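Open the model in your viewer and keep the sequence panel visible. The tour goes from one selection to the next and says what is there.

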Amino acid sequence: MQPRNMSMSGVVDLAAVKAAGEAKAKAEQARAEAARQAGQGGGAGPSAGAVPPSALVIDVDEAGFERDVLQLSAEVPVVLDFWAEWCEPCKQLSPLLERLTVEANGRLVLAKVDVDANQMLMQQFQIQGIPAVFAVVAGQVLPLFQGVAPEQQIRETLAQLVQVAEERFGIIGIEVDPNAEGAAPAAADEAEAPAGPHDALLEAAVVALDAGDLGGAVQAYKNVLADDPANTEAKLGLAQAELLARVQHMNPQAVRTAAAENPKDPAAQIAAADLDLVGGHVEDAFGRLVDTVRVTFGDDRDAVRLRLLELFEVIGADDPRVSAARTALARVLF
């Protein structure tokens, strides 16, 4: 079963349960309290409210839905996984969702709903097929996807969900006890990676770029990432080298003419956005692709969204223009 966008039409209205303003105020209070405790030396261990990783994945039924999902969604985005024991695709998707939820380290909670035992919830959400995945943030329902999607696509969707929760509602998640069994590795542990050949490979990539050997630069960066997928310098360099390779043989006038004449053509808009970025028109490039995501669907929309994410890598996650574009993209997707 292929993933598809799901209509929110007719879905039970949960927005009134927790107002976004209340959720944001609560999150801001949590931030202030965390800062106060850190200032008093309270950062040495988990707070009294910290939960074990096992609490991030829960089974939900109709009786506990308000408490376990609606109320909790004021503190952390709750992802709903509608499944059944007889559903083979569910057996592929559910373990993946559980793993990604634990990796999110308190920024998400996964609530599993057995549709056979909870027919009323299935009807309220108008589930037509399973697996089906929704999210609830500050009491508001967001349909995510139906069917089994690729892991990278799910990762990106969950990342967008976390961003929307924080930026639109001020929801920052719940604290996870780092000493509990199954806790995600600390950032310092994740940062450890063999550094031996990487400096030489990165230098080779820079030399290739300076010489105009874009193919050589791309391969050198890929070699680094094969051993160290989290290497920031290599990710940035690869994104830049691939961008330059794409525009190297473009006819700028023809590309821009095609984009102007075909505003809904994904390929035309993607090519023009590449030129925008190379020319230093960062906000124009981002805005063009966000607008194209808004008017496209299915595979076309995915192609545009993925190219936009690639261009974010070129500029860097810390750039405020990237943050603004991520927010704009989230509004279009959700």
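Select D116, which sits in the loop between β3 (109-114) and α4 (119-124). The model you are looking at is predicted. Is D116 buried or exposed? Neither word fits: D116 is partly exposed, because its relative accessible area is 43%, and partly exposed covers values between the buried limit of 20% and the exposed limit of 50%.

Now show the surroundings of D116. Not counting residues up to four places away in sequence, D116 touches A84 and W86. Display the side chains of D116 and W86: a polar contact of 2.8 Å joins them. Then add W83. W83 and D116 are 33 residues apart in sequence, yet their C-alpha atoms are 8.4 Å apart in space.

Next, select D81, in strand β2 (residues 78-83). Its relative accessible area is 0%, so D81 is buried. Which residues surround D81, leaving aside neighbours within four places in sequence? The contacts are S94, L97, L110, A111, K112, V113, P131 and A132. For a longer jump along the chain, select Q146: 65 residues separate it from D81, and the two C-alpha atoms are 9.8 Å apart.

Move on to the helices. Two packed helices are described by the angle between their axes and the distance between the axes.

Select helix α10 (residues 252-261) together with α11. Their axes come within 8 Å and cross at roughly 130 degrees. At that angle, α10 is oblique to α11. The crossing of α10 and α11 is left-handed. To see where they meet, show P252, V255, R256, A258 and A259 in α10, and A268, Q269, A271, A272, L275 and D276 in α11. Sorted by class, the residues in this contact are eight nonpolar, one polar and two charged.

Keep helix α11 (residues 266-278) and add helix α12 (residues 282-295). Here the axes are 7 Å apart and the packing angle is about 165 degrees. Angles over 145 degrees count as roughly antiparallel, and α11 and α12 are therefore roughly antiparallel to each other. The crossing of α11 and α12 is left-handed.

The last selection is the contact between these two helices. On the α11 side, show P266, Q269, I270, A272, A273, D276 and L277; on the α12 side, show V282, D284, A285, F286, R288, L289 and T292. By class, the contact of α11 with α12 holds nine nonpolar, two polar and three charged residues.

Methods
Residues are numbered from 1 along each chain as its sequence is written. This is a predicted model: local features need pLDDT of at least 70, side-chain atom pairs count only at pLDDT 80 or more; totals for chains, interfaces and linings use all residues. Side-chain values use heavy atoms; hydrogens and water are left out. Helices (H or I, at least four residues) and strands (E, at least two) are DSSP runs, numbered from the N terminus. Buried means under 20% relative accessible area, exposed over 50%, partly exposed in between (1.4 Å probe, protein chains only). Contact means heavy atoms within 4.5 Å. A polar contact is a pair of N or O atoms within 3.5 Å; within protein, one must be able to donate a hydrogen and the other to accept it, and residues adjacent in sequence count only if both atoms are side-chain atoms. Axes are lines fitted to C-alpha atoms, for helices over the stretch in contact, and angles run from 0 to 180 degrees between N-to-C directions. Angles under 35 degrees count as roughly parallel, over 145 as roughly antiparallel, 65 to 115 as roughly perpendicular and the rest as oblique. A crossing is left-handed if the near helix is turned anticlockwise from the far one by less than a right angle, and right-handed if clockwise. Ala, Val, Leu, Ile, Met, Phe, Trp, Tyr, Cys and Pro count as nonpolar, Asp, Glu, Lys and Arg as charged, and the others, Gly among them, as polar.
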